[in-house]
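Me: I have a model open and would like to understand the labels attached to it. Could you walk me through the reasoning behind them?

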Amino acid sequence: MNLKILWRICIFLLFSFLMIFDYFPHPVLKDIPKTVLTIGVVSLAVVYIVINRKTEKDCENSLIGEAIFIFYMLVLIGVLTVLGGKSTVGISLNNPMLWFVLLLTIVDMTVRYRKMDA
């Protein structure tokens with residue numbers, strides 16, 4: 001198995017773990033500060049994007065990987081909300097900042113895709 005694929009899987013698992021503990025804080029881990037949780041979620045997302053953009057050859061694959069990560073994140077937030085969880089940090093589908101960042105990411109992906117075709 002490729003090391004890059006292994007890193008992607010680890011990042012997905014860590015991201016899921018952090019999101020689950022954000023929505024359903026366990027009494028033992030309830031003392032984790034919100035800033036640490038927020039920094040962890042954001043840094044994992046950034047690391048995933050940096051790993052994806054490493055090579056120019058795989059530009060189409062990196063776009064697909066980023067789209068999958070965004071879709072996974074939105075589905076995970078939706079499922080955790082439906083299960084009755086509430087984000088302690090404020091990450092939710094009702095948060096306008098989430099949609100703003102998503103819009104910026106989609107615009108960036110569109111620009112990169114058009115450059116790739118040119």
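Me: What makes the largest set of 17 residues a nonpolar core?

Reply: Happy to explain, with the reminder that this is a predicted model. The label requires buried residues of nonpolar kinds, joined through side-chain atoms within 4.5 Å. The largest such set here has 17 residues, and those with the most contacts inside it are Phe15, Met19, Val41, Phe69 and Ile77, so the name nonpolar core follows from that rule.

Me: Which elements give two or more residues to this core?

Reply: They are helix H1 (3-23), helix H2 (34-52) and H3. H1 supplies the largest share, six residues.

Me: Nice. Why would such side chains gather at all?

Reply: As a general tendency, nonpolar side chains in soluble globular proteins are buried together.

Me: How do you know that isoleucine 77 touches Leu98?

Reply: A contact needs heavy atoms within 4.5 Å. Isoleucine 77 has Leu98 among its contacts, along with Met19, Tyr23, Ile91, Ser92 and Leu93, leaving aside residues up to four places away in sequence; therefore heavy atoms of isoleucine 77 and Leu98 lie within 4.5 Å.

Me: And what separates the C-alpha atoms of leucine 74 and leucine 102?

Reply: The separation is 9.8 Å, for residues 28 apart along the chain. Leucine 74, in helix H3 (residues 59-82), still touches Leu102, as well as Leu93, Leu98 and Trp99, because contact is judged on heavy atoms within 4.5 Å.

Me: How many helices and strands does the chain have?

Reply: Four helices and zero strands, so the elements read α-α-α-α from the N terminus.

How values were computed. Residues numbered from 1 in each chain as written. Predicted model: local features only at pLDDT ≥ 70, side-chain atom pairs only at ≥ 80, totals over all residues. Heavy atoms only, no water. Buried < 20%, exposed > 50% of the residue type's maximum accessible area, 1.4 Å probe, protein only.
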